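Subject: Structure handover and notes

Dear colleague,

I am passing on the structure we spoke about, with some notes below it. Please keep it open while you read.

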Amino acid sequence: MRRGILSIFCLLFSIFAFDFSPAAAQSQIPPGAQSAPPVELEQLVATPAVSGYERQLADKIRAALKRFHPATDNLGDVIVAMGSGAPHRLIVTPMDEPGFVVSEITPDGYLRVQRLPQGGGLPPIYNEMYSAQPVKIGTASGKWIDGVVAGLSVHLQGGRTDAPKASDIQNIYVDIGATSAEEVRKAGVDVLDPIVIDRRVMKLGGEEIAGASVGDRFGAAALVELMGHLDAAKVKGSLTIAFVVQQRTGARGLERILTQTQADEMIYVGRLLPGGPIPQMENLHHAPRREPGGGVLIGVQQTDGTLSGFEAELKQLSDANKIPVASDYSASVLPPTYLPLPQLPAKWAHIGIATSWTDTPAELIDSRDWNDLANLLELYIQGSTPQEPAEGRQASSKLGTIRDTPPSTKFILSDLVPIYAVSNIEGPMRDEVKTLLPKWAKPETDAAGNLILHLGTAPEGSKTPRILIVAHMDEIGFAVKSISKDGRLEVEWRGGGELDFFAGHPALVHTSKGDLDAIMELPNGWDTPVFKWPSESSDTAIRVDVGARTPEEVAKLGISVGDTITIPKAYRPLLGTRANGRSFDDRVGDTALISAVWALGGPLKDRDVTFVWSTGEEIGLVGAAKLAKRLADEGHVPDYVFAVDTFVSSDSPLESKRFGDAQIGKGFVIRALDNSNIVRSDLVEKVIKLARAGQIPVQYGVTGGGNDGSAFVRYGAVDVALGWPLRYSHSPAEVIDTRDVDSLARIVTVIAKSW
């Protein structure tokens, strides 16, 4: 009983003894401090370095420091030595990050994995942060292969009670587009290759920098930056700077350096580390508690935050130069092992900066803290103030458009995927579709925002059926519902999806002034062992951080209620004919219609055919429903509507083949039965005959979800839904086979000509 009371007292004392508010420290930071991510940090974050696989990052660091003639030991540590005599000072920073390695290649071409580190030290949610996400696989040749981690398709989960848990490493499968183990190895991928989540540094509107592994790279980036202008002649005594490997897996690089370097004093520069559980206090553990924005942190294992010896000297140096410094809890940088630990120098300290959303793809630091850290290190090394920081670089590109020659379906699709168009904000997609159509095509936009192209009008009294073919332009995402007092955006879904595929990841806020970097925050309790994702019916707020801390700062960024939010995306080729890209639903359908317009070559004689790129499908068939009613009011109800949309496929190691059984790469699919429509069997047979007559690969089956064509049925139309098989629907990991896009475009062309 007494031990429990003592633990509670220690916890409460540590909370109140440490002033966790960054406000006081921030007030000391001069205005105009650098807020853009440092070039060094961006470059190092972009270079994956799973524990034991740090070679490429080490090469990059060596190249940046070549004037100092860095050495590399046989473990992979990069070591720079300069000066002579006493005192001998040592600065150490880690290079590695957590991740996975390939542990098995299945006969059907999936990669299974083992995590590094294999033990603890990561948040319980870590595995789930990889579910349905784009990843990179490193090969022995140094090339990085694109892939995705398989995720459950939201449309196939209704009524399922035994769905695989994403937290279980047994359910992690990496899809690189291969169909066999032979294809995997032919691509250069093999057992033991490292796997990391795809990443980029996000520049939030305030001073924050976010992205996977920023907490693992800030120390190396600070040292590389200051050594870029370091004057070795000003260094007093001997100085060794070591960039060490395998810190996450037993601090092996640090142990090597300590064993072989006899230093008088040492600074370890790296993230502050969580400790073990607090006895008799469920779900609580020792951990650093400060928030980003408070300056440099000195890690101590005492819960009262007391600084003494060398730590106190660093605090005095910081105070004298008006660099904000505070203490916070950190576990030892040398984890216990079977062997005796190497001796630390008599004078040593652990310094770092605070992180939020630690060890997630949305991990966040404050750029002012990073600047303070670099300043302190430079003062310690040579006693001078830092030089002007390097400026960040910006780059952008956009695919051009083709107007005189037919573009390939791959070109069209790769051009459409990067366009952001959350439901109700389809303008950018509508404009892009227009640019991709041939010059003779003259589409119109109706009051609902639908883009409508009439391809022919049958003569009066003709028995030619009235055909309408529709694909939707919108994608799932979020919209700003309100702005909180702390500057966070409270958002709501536009369309349906799984929150765990998006929270804890980088995001984009789409405003009238342009796109802004952001992160989607995780729900409260995300870092505890008992965390559970809130249910769809839960009133738990979904919050987005743009770097603002007041509603006024949000307004200055140009963000308003109603602005939309998405997860960043790109068209990423996988092996062979397969590709990854969020919003293939329904960019593939849009592509098929555009390609068919080119194939038709011009208006159709004696045919009544209309192509429609619709709005608001993901929020209830909005554009299609308005168009259906208008056509009914005008007496122009189509006889047949062909809704071209995703066939959510169970072609995945996580799904039951009882439902959605259509394989990617085997052709387009007739959506004979979904949640909104049942196609007559004679019409299914008619489509199959047309396809086979044209040697077009075809499949048919049952799937989930609804389609735009169902909005026309009540007015007398017949809905014949078509699609293509899609893996991992409504997630950043969506995967297709581009051969299915070609077959879909071909059947749309045939139907327009001859149905």
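The notes below cover two serines and one pair of helices.

This is a predicted model, in which local features need pLDDT of at least 70 and side-chain atom pairs count only at pLDDT 80 or more, while totals for chains, interfaces and linings use all residues. Residues are numbered from 1 along each chain as its sequence is written, and side-chain values use heavy atoms, with hydrogens and water left out.

S729 lies in the loop between β36 (725-726) and β37 (735-737), where strands are DSSP runs of E, at least two residues, and helices runs of H or I, at least four, numbered from the N terminus. At 0% relative accessibility S729 is buried (under 20% relative accessible area; exposed is over 50% and partly exposed in between, with a 1.4 Å probe and protein chains only). Leaving aside neighbours within four places in sequence, S729 is in contact (heavy atoms within 4.5 Å) with S153, V154, H155, V648 and E734.

S656, in the loop between β31 (647-648) and β32 (668-673), is by contrast partly exposed, with a relative accessible area of 33%. Not counting residues up to four places away in sequence, S656 touches R160 and S650, and its C-alpha is 9.7 Å from that of Q157, although the two are 499 residues apart in sequence.

Turning to the helices, the crossing of α11 and α13 is right-handed (the near helix is turned clockwise from the far one by less than a right angle; anticlockwise would be left-handed). The contact is made by M429, V433 and L436 of α11 and by R587, D590, I594 and W598 of α13.

Best wishes
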